[in-house]
Amino acid sequence: MTNKEIVKLFSNIAAAYAIKDEYKYKFQIIAYQKAADAVEHSSTELKNLYEQGKLEKIPGIGPTIKDRLIELFKTGKVIHYEKILSEISPAVFPLLDVPSFGPKKAYKLVTHFKLINPKTVIEDVKKLATDGRISGLEGFGDKSQSDILQAINEYGTGTTKTGRMTLPYAFSLAQEVLGYLKKNKDVLKTEPLGSLRRMMSTVGDVDIAVTSTNPGKVIDYFVSFPAKERVIEKGPTTASLLIGGGKHIDLLVLPPQQFGSLLQHFTGSKNHNVALRELALKKKMSLSERGIKLLNTKNEKMITFDTEEKFYKYLGLDWIPPEIRENLGEIERSQKHNLPKLIELKDIKGDLHIHSDYKLDSSHDYGINTMQEMIDKAKTLNYEYIGFSEHNPSITNHTKDQIYSILAGRNDKIEQIKSSNKSIRVINLLEVDILASGELAIDSKCLDLIDAAIVSIHSSFNTSHDKMTDRILKGLSNPKAKILAHPTGRLLNSRTGYEVDWDRLFDFCKKNNKILEINSWPERLDLPDTLVKQAEEQEIKFVINTDSHDVSQMDNMFYGVSVARRGWCNKKSVINTYPYQQIFKALTE
Ligand code: DGT
Ligand code: CA
Ligand code: CA
Ligand code: ZN
């Protein structure tokens, strides 16, 4: 059961309660909507948390729903849910994925027209709307009928309520909108906020703040954004657009003197803001995007802040980096003026996970650039060193001796590269598969040809939690194995990753000086931030790598650094902030 499936399940339960009796079940409805939201925003798979006995780590899920989750993970179903859902036609639920369909509307259409097939229900409703048969229904009308048709058409082009964007996609979308906004003379400042500013691994919608002395004009200009599909909402200072692919863009416009509180509010997270509000209430203050009001005084005036620093300072807090605004202890630390000093992109001195086009007759893919091209790129990034880590030669196609001679050939190439590039140090690494048995794919004679191995799981994902942990620890036990690449194996929006006993793995890494990779590939961002935070608390070392297969991907380092920042990492925990001598020692001792 993936988080995505759980979000859908919880939303369905909330919908089922709403259909049954909105008033009687109002608390259940809110609880399940809140739980769906909490799971959607969790950067760890709940299944992994369950396996570690750490489900309580997710704020926003009460004890009853937690018990239901345990039942779900244990048995694959929840008897109580099956009962609730069985009372409602299964044809209702697919409709809820279509934007603008609430539970009651969906239920009414399904029961009135006796729709029973969940597989065809969306097409069935589309046909009814096209034939003009919906407008006559009580509570619907012509406008609602054409909205339904539009929403279904948009849904048909991939528009759903649940899809989340990867960071680069969200960035480029935000840049496009910012570029447009900046052309308007009423726009003074504009920034992307929300989960994008917090650098979450996936982004639900793009939130943009603008300062202006003329909000009305900015809103009018924004809603004429050429790439929009339609305007979802338009008010005096806010607006929301739907654009291609079903993505939302929310805009909030305020005067320049309120920029600080605007940034703070719209950056979130919701959990951080809720906690900040509670703190403010204790100090008899009330917070909003417009500023701070003092309670219990006759002075009803809003105190305004043009910077976030001033806003936090007024609450007795140091400014908190957006990446850690998740209410995971940052407010308490900021109160004590004891926030962690987070790693920055400029601290990075090299990249150790680089696939060149050098052909090792591997069963995995090669990069498209030569070693020299990748070195030239590393120089433009001001790196001190670079590590090549192509995949090991295929073990099904070669004998051990053949593998040895392929790797010896690569060593000659690396020596030649080293001698013609004196301004950058080259580290001879290799990405080596951990086989299903836990053995490394190549033997110790071959491993002796390289400085160190980056080990990874690329096959047999579906093993039990204990077996997978045994397998990884066995692979990492090899003295040449120093780095575990993309430790969970997840692919955002498509694969949840395998099951590992993280406490055991962290403990092992700590005792044996093994290093966990934070892979910067935007669909991986693996290790995930919540696990980075746990590992960081146990003083485990990381390396932030790009896993580049072409030179342009070496710029992805920025995303990996953001994951480390979200995991509260200090630069001392990240070995590729070390100078060459020190990192070489960490990899070879
Ligand atoms: P997303 O879009 O799902 O990736 O996540 P966010 O964090 O961007 O959430 P979004 O777009 O719903 O809201 C943007 C920010 O606005 C959020 O981070 C904090 C603020 N905000 C939204 N709803 C609430 C709320 O109910 N209470 C408070 N205090 N702040 C909120
Ligand atoms: Ca957002
Ligand atoms: Ca939003
Ligand atoms: Zn790789």
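**Exercise 1.** Which atoms coordinate the calcium ion (ligand 2), and at what distances?

*Solution.* Let's begin with the donors, keeping in mind that this is a predicted model. Asp205 contributes an O and an OD atom, and Asp207 contributes an OD atom, at 2.2 to 2.6 Å. Next, follow Asp205 onward: this residue bridges the calcium ion (ligand 2) and the calcium ion (ligand 3). The two ions lie 3.7 Å apart.

**Exercise 2.** Work out why the arrangement around the calcium ion (ligand 2) is irregular.

*Solution.* Start with the reference: ideal angles for six octahedral donors are 90 or 180 degrees. Now turn to the model, where six donor atoms surround the calcium ion (ligand 2). Their angles run from 68 to 167°, and the arrangement is irregular because of these angles.

**Exercise 3.** Find the polar partners of ligand 1 and describe how the protein covers this ligand.

*Solution.* Take the side chains to begin with. An N or O atom of the Arg164 side chain is 2.8 Å from an oxygen atom of ligand 1, and the side chain of Asp205 also places an N or O atom 2.8 Å from a ligand oxygen. Then look at the backbone: Thr267 has an N or O atom 3.4 Å from an oxygen atom of ligand 1. On its own, ligand 1 has 590 Å² of accessible area, of which the protein covers 77%.

**Exercise 4.** Describe the shell around ligand 1.

*Solution.* Count the residues: 17 surround ligand 1, and the closest include His41, Ser195 and Gly204. Sort them by character, and you get two nonpolar, nine polar and six charged residues. Finally, place them: domain 2 (165–254) and domain 3 (259–335) each supply at least three residues.

Conventions: Residues are numbered from 1 along each chain as its sequence is written. Chains are lettered from A and ligands numbered from 1 in the order in which they are written. This is a predicted model: local features need pLDDT of at least 70, side-chain atom pairs count only at pLDDT 80 or more; totals for chains, interfaces and linings use all residues. Side-chain values use heavy atoms; hydrogens and water are left out. A residue is near a molecule or strand if one of its heavy atoms lies within 4 Å of it. A polar contact is a pair of N or O atoms within 3.5 Å; within protein, one must be able to donate a hydrogen and the other to accept it, and residues adjacent in sequence count only if both atoms are side-chain atoms. Accessible areas come from the Shrake-Rupley method with a 1.4 Å probe; for residues, only the protein chains shown count as cover. Helices (H or I, at least four residues) and strands (E, at least two) are DSSP runs, numbered from the N terminus. Ala, Val, Leu, Ile, Met, Phe, Trp, Tyr, Cys and Pro count as nonpolar, Asp, Glu, Lys and Arg as charged, and the others, Gly among them, as polar. Domain bounds come from an automatic or database domain assignment. Donors are N, O and S atoms within 2.8 Å of the metal (3.2 Å for Na, K and Ca); water is not among the atoms, so sites may look incomplete. Four donors count as tetrahedral if all angles lie between 85 and 135 degrees; four count as square planar and six as octahedral if opposite donors are over 155 degrees apart and all others between 65 and 115; anything else is irregular.
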